[in-house]
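Biologist: Could you take a close look at one strand in the middle of this chain's fold, and tell me how its side chains are placed and what lies beside it? Please set it in the context of the whole chain as you go.

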Amino acid sequence: MCKHPDPLCCSQRRKPQHQQESEMSEQQHSQTLSTILDAMKKHHRQNEPATAALRRDRLMRSAALIRDHHAALTEAIGRDFGHRSGYQTQAADLITTINMLMHSAEKLEQWMQPEAAEVPVPGMQAWIEPQPLGVVGIISPWNFPINLAFGPLAGVFAAGNTAMLKPSELTPFTSELLAELVPHYFDSNELVVVLGDAAVGQAFSQLPFDHLVFTGSTAVGRHVMRAAAENLVPVTLELGGKSPVVLDTDAEISIAAERILTIKTFNAGQICISPDYVLLPESSEAGFVDAAKRFMRASYPTLQHNVDYTAIINDRHYQRLIMLLDDAARKGADIISLAPDNEPDVDPHSRKIAPHLILGVTQDMLVMQEEIFGPLLPLKTYAAGIGDAIRYINAGPRPLAAYYFGHDAERQRQIATRTTSGALVINDVMTHAAIDSLPFGGIGASGTGAYHGIHGFRRFSHAKPVVVQDSAAITNLRLRAPYQDKAAVAEAFLNN
């Protein structure tokens with residue numbers, strides 16, 4: 001456990017970043033990533049599988065680390081973003097993650113129970129024994145640096161594994177704080193934090209883990225999967241993509257706009273399951289624009305100096321979003337800024353970009369080709385009924401999430417059965433991510449594998465079949481020579 005009672009102490013004791021990087025370089029000369037992993041694997045093999053008590057203790061220590069240092073973590077994330085809403089950090093990064101860890105701590109003994117299996121003959125016994133995989137690697141991103149680092153640990157630790165964590169170099173204050181805090185709560189054979197840039201991340205992805213979790217872009221995900229394949233390491237990839245929102249003709253436009261913009265403005269849209277574009281009937285477009293403007297006036301009467309509105313993570317991502325706006329405007333889109341009156345639409349100094357609606361989008365616009373990951377929201381109209389929207393979604397890569405607003409049960413069924421996505425939410429946005437009983441993950445280009453709750457426990461466990469043969473051993477005897485009499489029985493079965 002942390003030896004420092006003041007939750008700010010570790011933040012205050014941190015060394016300058018360049019000094020930490022120098023020390024990390026020296027450490028890597030003496031103890032490479034492979035050496036760290038080898039030591040953790042050796043410890044895992046030489047010790048009995050973690051008991052339920054030890055697993056629960058690791059989960060509780062993870063939750064305690066976040067709770068004890070919530071103020072320092074909130075401050076560090078805010079510094080990394082330039083400005084980030086403290087409440088958004090508390091709600092999405094800290095509280096949600098603590099809840100995930102506590103849910104696993106509460107349920108793990110139930111999950112650990114062997115699952116009885118049917119047997120072909122009386123007297124034989126068979127069951128499925130969940131077994132820890134070993135050491136799991138986690139490469140976490142910058143947008144939710146605690147949730148997407150410690151969220152996977154809820155399943156990893158519950159399943160009896162240990163872990164190496166590589167947090168994002170784009171959130172250096174948060175990553176460095178985690179690297180300092182973790183040794184106060186965990187032995188080096190339980191959890192290790194590895195700092196470094198993209199080159200370190202690449203080396204990390206090439207290690208022979210027992211499982212590797214990566215959250216990030218589809219482009220980088222391809223490299224991670226390719227690197228892991230060299231050692232036949234199974235992977236869980238949570239990648240994102242273009243998550244659509246479909247508004248049907250019976251959708252309540254004001255309610256839909258409010259719920260969509262709530263998530264599109266949360267973390268300034270820097271969320272893998274944030275709505276990426278809206279498909280809506282031509283007759284609903286003007287009403288949606290008006291409802292969006294009303295929502296912004298009520299929720300964000302000011303933006304640039306509003307503590308509730310988050311900045312874009314860095315200059316590169318800021319410029320990328322500006323480029324998407326410029327490209328759309330050049331190609332004929334009608335762009336509507338939702339910035340408050342007398343405020344700039346964008347500010348390179350604060351890196352705050354007001355939400356923008358982009359109307360009249362076409363497929364040649366980059367904003368309709370790339371995952372946006374920011375507060376830009378294209379509106380694309382359809383005219384031929386819900387089937388038109390379904391065909392458009394199905395023509396692209398499978399998204400991490402899809403959202404539908406409408407009350408007709410048959411059309412809800414059509415969206416559910418005729419589109420394929422990591423998840424589907426009806427009449428809301430992003431709700432599924434906070435429900436621990438549901439799997440969270442993508443499909444196709446949006447990812448592979450899922451975790452959260454029992455699904456994380458299963459993902460990070462080996463389902464090991466165990467069979468106890470009975471005294472008659474009928475299933476064994478039928479394979480023993482001579483085969484003459486047995487062949488007649490087999491022939492009779494096949495000809496029946």
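**Strand 8 and its neighbours**

Modeller: Of the chain's 496 residues, 52% count as buried, where buried means under 20% relative accessible area, exposed over 50% and partly exposed in between, with a 1.4 Å probe and protein chains only. This is a predicted model, in which local features need pLDDT of at least 70 and side-chain atom pairs count only at pLDDT 80 or more, while totals for chains, interfaces and linings use all residues. Residues are numbered from 1 along each chain as its sequence is written, and side-chain values use heavy atoms, with hydrogens and water left out.

The mean pLDDT, which is the predictor's confidence in each residue from 0 to 100, is 93 for the chain, and 94% of the residues reach 70 or more. One stretch where pLDDT stays under 50 is residues 1-16, and another is residues 21-27.

The chain has 18 helices and 20 strands; these are DSSP runs numbered from the N terminus, helices being H or I of at least four residues and strands E of at least two. Strand 8 covers residues 244-247, with Pro 244 and Val 246 pointing one way and Val 245 and Leu 247 the other way, and all of these are buried. In a regular strand the side chains alternate between the two faces of the sheet.

Strand 8 has pairing partners that include strand 9, residues 277-281, to which three bridges join it in a parallel run; two strands pair if DSSP finds at least two bridges between them. Val 245 of strand 8 stands opposite Val 278 in strand 9. Three bridges also join strand 8 to strand 15, residues 402-405, and these two strands likewise run parallel. There, Val 245 stands opposite Tyr 403.

The connection from strand 8 to strand 9 involves helix 11, residues 253-265, and the three elements make a right-handed β-α-β unit. A crossover is right-handed if, with the strands pointing away from the viewer, the path from the first strand over the helix to the second runs clockwise.

For the wider setting, among contacts between residues at least 6 apart in sequence, 74% join residues at least 24 apart, contact meaning heavy atoms within 4.5 Å. Elsewhere in the chain, six strands form an open sheet with mixed pairing, in the order 5-4-3-6-7-18.
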